[in-house]
Amino acid sequence: MSRTALAYCAFLENPGISLPAAGVNGAPVQIMSLGKLRLLWAEVEWPFQPEHMQKNAVEFHSVVSHVFKQVAVIPFRLLSVFEDAEALRTFIAEHEAAFVADLERLSEVVQMECVVYPNPAPSQVNATSGAAYLHEKAAKLHAIEQQVQDVQTGLGSVMREVRVREAKSGTRIFVLTERGRAAEFRTIIERVPLPAQLARRVSGPWPAAEFLSEEVRAPQVASAK
Amino acid sequence: MAHGHRTLLFPMPSNFEPITLTEAGDGEVSLLEIIDHVLNAGVVIHGSLVISLAGVDLVYLGLNVVLTSVETALRNIHAEEKRRLK
């Protein structure tokens, strides 16, 4: 086990923001300042214990959420650790301009998500027929495509930007919408007719992680080149 | 990339349950959604040196999200090479 610097999230300076006192494993949350960029981090024992991952994930989420409820944040992934605070500061300094630009661009928006997937209810199709199975599968795929289209059409002006991505869990629709319009987003989605063979789940608001610039989302680390 | 190693290094414990948390004003957020987001959404750190040398047993450090200094990385590689030669 060793001590490492765990990064939580970055946000723009704002003296009115309340900050969480403690985070993962009870470690005090610390703040790092570079220009108008602020970064929450903590010194933690590394690596994490697998049996504590659930708890660690919730604690990490709580810290990021605490700030995100007040202002836009750029979240780090839970396992983003640096050797020490100095390594973290060096990293942030290299990418400060890109972080600030993304935070300013995303300052008034949040990310909502809608995942569309085949209804897990047992199929009525004759399981012994391969042709029937393939036919049903094709119909579901077509229904999902149509549902994704219907959702986007329904969201209309609520949607600032959209990204659609296939995932194991289904087709995920990421939508950038103005902060404070999450309830409206949910209401609109509920009005979109859902075929019986499909299911969907809405979540959010989340930090706009899907809409980060490439330099911020997956920065190259100059010191490691 | 080392994305596939994530579940290997951090297997869900046997008592994993899809519990649901409630956040004021935000509706329900499931634990699975939280884990998905904290592990898969946001800044992912990967130094090219760490990635390119991952096959030389740096993966034990813990995925592409670990940032280590060049000195530390090289020290670990040399140690690993010595171990293999023994």
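This is a short tour of a predicted model with the chains A and B, one selection at a time.

**Stop 1: all of chain A**

Start by selecting chain A and colouring it by secondary structure. You should find five helices and nine strands. If you trace the chain from the N terminus, the elements come in the order β-β-β-α-β-β-α-β-α-β-β-α-β-α. Taken along the principal axes, the C-alpha atoms fill a box of roughly 60 × 40 × 35 Å. Of the 225 residues in chain A, 36% are buried. Now think about who touches whom: among contacts between residues at least 6 apart in sequence, 75% link residues at least 24 apart.

**Stop 2: the two domains**

Give residues 2-106 of chain A one colour and residues 109-207 another. These are domain 1 and domain 2. How far apart do the C-alpha centres of the two domains lie? The distance is 31 Å.

**Stop 3: a loop with an odd residue**

Stay in chain A and select strand E1 (2-12) and strand E2 (30-34), then look at the loop between them, where A:Asn25 sits. Most residues other than glycine have a negative phi. A:Asn25 is not a glycine, yet its phi is positive, at about 55°. Is A:Asn25 buried, exposed or partly exposed? Count its surroundings: 15 other C-beta atoms lie within 10 Å, so A:Asn25 is partly exposed, since buried would take 20 or more and exposed 12 or fewer.

**Stop 4: an open sheet**

Next, pick out strands E6, E7, E8 and E9 of chain A. These four form an open sheet in the order E7-E8-E6-E9, with antiparallel pairing. Which strands stand at the edges? They are E7 (161-167) and E9 (198-206); each has a single partner strand, so one side of each has no neighbour in the sheet. Tilt the view and follow the twist, which averages 20° from one strand to the next.

Zoom in on E6 (residues 109-118) and E9 of chain A. This antiparallel pair is joined over seven bridges. For a landmark, select A:Cys114, which stands opposite A:Val202 in E9.

**Stop 5: a cis bond in E9**

While you're on E9 of chain A, move along to A:Pro205, which is part of this strand. Most peptide bonds are trans. The one from A:Gly204 to A:Pro205, however, is cis, with omega near 5°.

**Stop 6: all of chain B**

Switch to chain B. Here you get four helices and two strands, arranged along the sequence as α-β-β-α-α-α. Buried residues account for 27% of the 86 residues in this chain. For contacts in chain B between residues at least 6 apart in sequence, 33% join residues at least 24 apart.

**Stop 7: where helices of A and B meet**

Finish with one helix from each chain: H1 of chain A (residues 53-68) and H2 of chain B (residues 31-40). Their axes come within 9 Å and cross at roughly 75°. Helices H1(A) and H2(B) are therefore roughly perpendicular to each other.

Show the side chains here. On the H1(A) side, select A:Gln54, A:Ala57, A:Val58, A:Phe60 and A:His61; they meet B:Leu31, B:Ile34, B:Ile35 and B:Val38 in H2(B). What classes of residue make up this contact between H1(A) and H2(B)? Colour by class and you'll see seven nonpolar residues, two polar ones and no charged ones.

Definitions and conventions:
Residues numbered from 1 in each chain as written. Chains lettered and ligands numbered in written order. Predicted model: local features only at pLDDT ≥ 70, side-chain atom pairs only at ≥ 80, totals over all residues. Pairing = 2+ DSSP bridges. Axes fitted to C-alpha atoms, helices over the stretch in contact; angles between N-to-C directions. Parallel < 35°, antiparallel > 145°, perpendicular 65-115°, else oblique. Contact = placed C-beta atoms within 7 Å. Nonpolar A, V, L, I, M, F, W, Y, C, P; charged D, E, K, R; others polar. Domains from an automatic or database assignment.
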